[in-house]
Amino acid sequence: MLCDNCKERDAIINLTQVEHDSKVTLHLCEQCAQQKGVETGGSVLKSPLGNFLGAVVKGSTPGALVPASGDTLRCASCGSTLRDFRDSGRLGCDRCYESFDTHLRDLLRRLHGSSQHVGERYEVPGEGGVLGAHDPRSRLLDLKAQLRRAVEGENFELAAELRDQIRVLE
Amino acid sequence: MDLSLLPDGGMRWLDASGPKSTIVLSTRIRLARNVRGIPFSQRAKDADRMAVLERVSDAAASSDHLGSAVAFHLDQMDRSERQLLHERHLVSKELAGLERESRPRPGAALLVQDQVGVMVNEEDHLRLHGMWSGFDLEDAYAEVEAIDAELGRLVPFAFHPEFGYLTSCPTNAGTGLRASVLIHLPGLVLTKEINKVLQGLSQVGLTFRGLYGENSEVVGNFFQLSNQTTLGKTEDELIDHLGKIVRQVVEYEEQARDVLLRTAPEEVEDKTWRAYGLLKHARRLSFEETMNLLSGVRLGVGLKLLPGPGVYTLNKLLIYTQPAHLAAMDGRSTGDRELPTVRAAFVRRLLEEESS
């Protein structure tokens, strides 16, 4: 296939860009890809056994790809800030994905070429999904976890109630 | 700790029974999952981590796939024991607390049953994983996926309609799937074609690492090839794509071996016999030298230039000549200066047993 840009050389790179939620795929030769700012293996290659894609963000975490402008944003659930993520590359909790969603959506697109999960769908047990309703074991484990918390919190009245419910299920 | 509790020591993949097992040593699948509403590992307090461990242990105990899993509590194990598990590819360096002076944190655990396991409180709350002999992506994924489905019914996982499974590091979000194959590419290294192949990988969304995954060095011409991205494609697409590329790399490797045999048959024969000779007779061997010699012998066996040893023996040597394994076998510490002598003696013994 010829390069979509110069129509002269063979295309060796498929560049997929997401703009305004529509996906455009360009087939480019190495030179045109470099002009468009895509780092090809040839330009990144330094050490023969280096990790080429890794080299793009070498010595830094994915967090470093997030602009500093949102540094003071804080996740209401776990208290970590976007700055924490920029430093460590790790998020604090699952709610961080909502707290920092604009920044993360952008980052996910840069890392994966897309931010839309198209793989397996998951339904949390017991939440309207058919999964929970079909599996009493899930309810049982949940009750046991609640029982442990009740005992730890010395809430013995609730604990007794939970224990009875567990007995019935068992 | 009693590793004999694990059938095959948790390493059935060593038996070389899988497809293409002279070139592809093993196929590994891992899925990253987190428990909804509990802070991710790095931010989790000890109580959070213990809560995760309890939930996962309870769920595993009542599951079909992990109902009789053996549990290892890493924070209660000696460093040498943790290193053994790491050398068997059952736990990451991070979970085993083997990085510099670190210690495993409370709640760090491994559950193993047959070929599959769950690392608990690693970078993500759960890392479901399994290793299979040879090149067998579809079967491997199907088994790990079955455990995922079962545990997901018992423990609420963190999931987002747009971003998919939520992970501590966004590089794993979406499917949370990392599929990898451990592949031996001496032909491509000797014909100096390897750079071209590795360079091509990055252009098709794959990455490579050394024998022990992330940040590990490439030794003995063993490469781990895996998917780089985890979001925006279905699990099947990710697996199919990796499979297609690996098949191509295997083909290139076979072609490179043909070229070697055609253009330099005596040199290749000499190289593999020398490697075999050194392994059979050396009195001191470093780990790195052992790996490189094993690579030469493996090539010779693959090309039928050497009559033996079998691939199973070669695989066993890869694992058992590592420092913690040798040290445990001989009652020494991993820093013992005599380890190279112990290693050479062990290699000689295994090769003699094989040829007798």
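This briefing walks through helix packing, nonpolar cores and the chain contact, with chain B as the main focus. The model is predicted, so please read every value here as computed from that model. A good place to start is helix α10 (residues 323–330) of chain B, which meets both α2(B) and α11(B).

**Helix α2 of chain B and its surroundings**

- Helix α2 of chain B spans residues 79–87, and its buried residues are B:Arg82, B:Gln83, B:Leu84, B:Leu85, B:His86 and B:Glu87.
- Those buried residues pack against β2 (70–73), β3 (109–113), α9 (311–320) and α10 of chain B.
- After α2(B) comes B:His89, which has a positive phi, near 65°.

**α2 against α10**

- The axes of α2(B) and α10(B) come within 8 Å of each other, with a crossing angle of roughly 130°.
- The two helices are therefore oblique to each other, and their crossing is left-handed.
- On the α2(B) side the contact uses B:Ser80, B:Gln83, B:Leu84 and B:Glu87, while α10(B) brings B:Ala324, B:His325, B:Ala327 and B:Ala328.
- Sorted by class, this contact has 4 nonpolar, 3 polar and 1 charged residues.
- As a general reminder, an α-helix has 3.6 residues a turn, so residues three or four places apart point the same way.

**α10 against α11**

- Helix α11 (residues 339–355) of chain B has an axis that comes within 10 Å of the axis of α10(B), and the two cross at roughly 85°.
- That angle makes α10(B) roughly perpendicular to α11(B).
- Here B:Pro323, B:Leu326, B:Ala327 and B:Asp330 of α10(B) meet B:Leu339, B:Val342, B:Arg343 and B:Phe346 of α11(B).
- The class count for this contact is 6 nonpolar, no polar and 2 charged residues.

**Nonpolar cores**

- The largest nonpolar core holds 98 residues, and those touching the most other members are B:Val56, B:Leu110, B:Leu111, B:Val118, B:Val120, B:Ile183 and B:Leu225.
- Helix α3 (residues 137–154) of chain B gives the most to this core, with 7 residues.
- Leaving aside residues up to four places away in sequence, B:Val56 touches B:Val118, B:Val120, B:Leu126 and B:Val155.
- A second, separate core has 15 residues, among them B:Val311, B:Leu317, B:Leu318 and B:Val347.

**Where chain B touches chain A**

- Chain B contributes 45 residues to the contact and chain A contributes 45 residues.
- On the chain B side, α1 (46–61), α3, β6 (159–160), β7 (164–165) and α5 (194–203) each supply at least two residues.
- The largest share of that side, 5 residues, comes from α5(B).
- By class, the chain B side divides into 17 nonpolar, 20 polar and 8 charged residues.

Note on methods:
Residues are numbered from 1 along each chain as its sequence is written. Chains are lettered from A and ligands numbered from 1 in the order in which they are written. This is a predicted model: local features need pLDDT of at least 70, side-chain atom pairs count only at pLDDT 80 or more; totals for chains, interfaces and linings use all residues. Axes are lines fitted to C-alpha atoms, for helices over the stretch in contact, and angles run from 0 to 180 degrees between N-to-C directions. Helices (H or I, at least four residues) and strands (E, at least two) are DSSP runs, numbered from the N terminus. Angles under 35 degrees count as roughly parallel, over 145 as roughly antiparallel, 65 to 115 as roughly perpendicular and the rest as oblique. Two residues are in contact if their C-beta atoms, placed from the backbone, lie within 7 Å. Ala, Val, Leu, Ile, Met, Phe, Trp, Tyr, Cys and Pro count as nonpolar, Asp, Glu, Lys and Arg as charged, and the others, Gly among them, as polar. A nonpolar core is a set of buried Ala, Val, Leu, Ile, Met, Phe, Trp, Tyr and Cys residues joined through C-beta atoms within 7 Å. A residue is buried if 20 or more other C-beta atoms lie within 10 Å of its own, exposed if 12 or fewer, and partly exposed in between; C-beta atoms are placed from the backbone. A crossing is left-handed if the near helix is turned anticlockwise from the far one by less than a right angle, and right-handed if clockwise.
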